[in-house]
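Q: Could you take a close look at one part of this model for me, and then show how the rest of the chain fits around that starting point? I would enjoy a connected walk-through.

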Amino acid sequence: MTARLPIFPLGTVLFPGLVLPLHIFEERYRALVRHLVGLPEGAPREFGVVAIRAGWEVAPGATERPVPGVGDVTLHEVGCTAELRQVTELADGGFDIVTVGRRRFRIVDVDEGAEPYLTAEVEWLPEPGGPDEAADLLAARVISVFRQYLGLIRPAPEEISEQLPEDPTVLSHLVAATAMLTVDDRQRLLAIDDTTARLRAELRLLNREAALLRQVRAVPVPLSELASPPAPN
């Protein structure tokens, strides 16, 4: 099943369940916020967040599609919808908004002319449902390794004492969004449909990052800044 979505290209990857605050200053995205706010009560107020990458970084024959009107910038195919939760209108006509990631999608076709902002036809990607013994076992391993990883970032016990989610899918999205990973790493994790496969990939990434941290003994950013995907300027 496909749907038509407004698209907001960003230099970050959004995951289901994660909070993404945004400062809206461009007129085309002000129009998007006004459109969402004006929807009938009960209608889903969501738009698609898709990570962008420069065209020269895309290998020949890759599947990413050009972002119309933005030079050589290209869109990744897989994104996540952002559900509008809070809107604050500013004196200059802009907005500060708070959104929450909701559901993953794959772009089928991009349209630059229908609205002031990009829109796209998208297909919804499957989310696992029901018990999965393999995912449960992997989730326990990921929690253990992720706590060790957090201890390398900030060894203060009070900063790693908070409880991590036990639901394997929720955990996989949280780890992908909060670990110190590149946009490409996060994008690959977002595109994985199977929770077990995503958790298995995260184990490899966490072990890789932990090994690097032990070698360089450096912490690039405070743990408090890793609670949600970075917001654009």
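A: Happy to. Let's start at Ile52, which sits in strand E3, the stretch of residues 46-54. Please keep in mind that this is a predicted model. Ile52 has a relative accessibility of 30%, so Ile52 counts as partly exposed. Its C-alpha atom is separated by 7.7 Å from that of Thr12, although Ile52 and Thr12 are 40 residues apart along the chain.

Another strand residue makes a useful companion. Pro9 belongs to strand E1, residues 2-10. With 16% relative accessibility, Pro9 falls under the 20% limit and therefore counts as buried. Pro9 also has a partner far along the sequence: Leu75 is 66 residues away along the chain, yet the two C-alpha atoms are separated by 7.3 Å.

Those pairs sit within a broader pattern. Among contacts in the protein chain with a separation of 6 or more, 68% are between residues 24 or more positions apart. The chain has five helices and eight strands, arranged along the sequence as β-β-α-β-β-β-β-β-β-α-α-α-α. Of its 233 residues, 43% count as buried.

Now to the interior. The largest nonpolar core holds 50 residues, and Phe47 and Tyr149 have the most contacts inside it. Helix H2, residues 133-153, supplies the largest share of this core, with nine residues. A second, separate core has 10 residues, among them Leu5, Val50, Ile107 and Ala120. Beyond its neighbours within four places in sequence, Phe47 is in contact with Leu5, Pro6, Phe8, Leu22, Leu32, Leu36, Cys80, Thr81, Ala82, Ile97 and Thr99.

From here we can follow the helices. Two packed helices are described by the angle between their axes and the distance between the axes. For H2 and helix H3, residues 168-178, the axes come within 10 Å and cross at roughly 35°, and the crossing is left-handed. On the H2 side, the contact is made by Ala135, Asp136, Ala139, Val142, Ile143 and Phe146, while H3 contributes Pro168, Leu171, Val175 and Thr178. By type, the residues of this contact divide into eight nonpolar, one polar and one charged.

Some of these residues turn up again around Leu206, which has its place in helix H5, residues 195-216. Leu206 has a relative accessible area of 3%, so this residue is buried. Setting aside residues up to four places away in sequence, Leu206 touches Val142, Val145, Phe146, Tyr149, Val175 and Ala179. Tyr149 is 57 residues from Leu206 in sequence, while their C-alpha atoms are 6.9 Å apart in space.

One last stop is a charged residue, Asp185, in helix H4, residues 183-191. Its relative accessibility is 6%, so Asp185 counts as buried. The side chains of Asp185 and Arg188 are joined by a polar contact of 2.6 Å. Outside the residues up to four places away in sequence, Asp185 touches Leu205 and Arg208.

To come back to where we began: Ile52 is partly exposed, whereas Pro9, Leu206 and Asp185 are buried.

Methods
Residues are numbered from 1 along each chain as its sequence is written. This is a predicted model: local features need pLDDT of at least 70, side-chain atom pairs count only at pLDDT 80 or more; totals for chains, interfaces and linings use all residues. Side-chain values use heavy atoms; hydrogens and water are left out. A nonpolar core is a set of buried Ala, Val, Leu, Ile, Met, Phe, Trp, Tyr and Cys residues joined through side-chain atoms within 4.5 Å. Buried means under 20% relative accessible area, exposed over 50%, partly exposed in between (1.4 Å probe, protein chains only). Helices (H or I, at least four residues) and strands (E, at least two) are DSSP runs, numbered from the N terminus. Contact means heavy atoms within 4.5 Å. A polar contact is a pair of N or O atoms within 3.5 Å; within protein, one must be able to donate a hydrogen and the other to accept it, and residues adjacent in sequence count only if both atoms are side-chain atoms. Axes are lines fitted to C-alpha atoms, for helices over the stretch in contact, and angles run from 0 to 180 degrees between N-to-C directions. A crossing is left-handed if the near helix is turned anticlockwise from the far one by less than a right angle, and right-handed if clockwise. Ala, Val, Leu, Ile, Met, Phe, Trp, Tyr, Cys and Pro count as nonpolar, Asp, Glu, Lys and Arg as charged, and the others, Gly among them, as polar.
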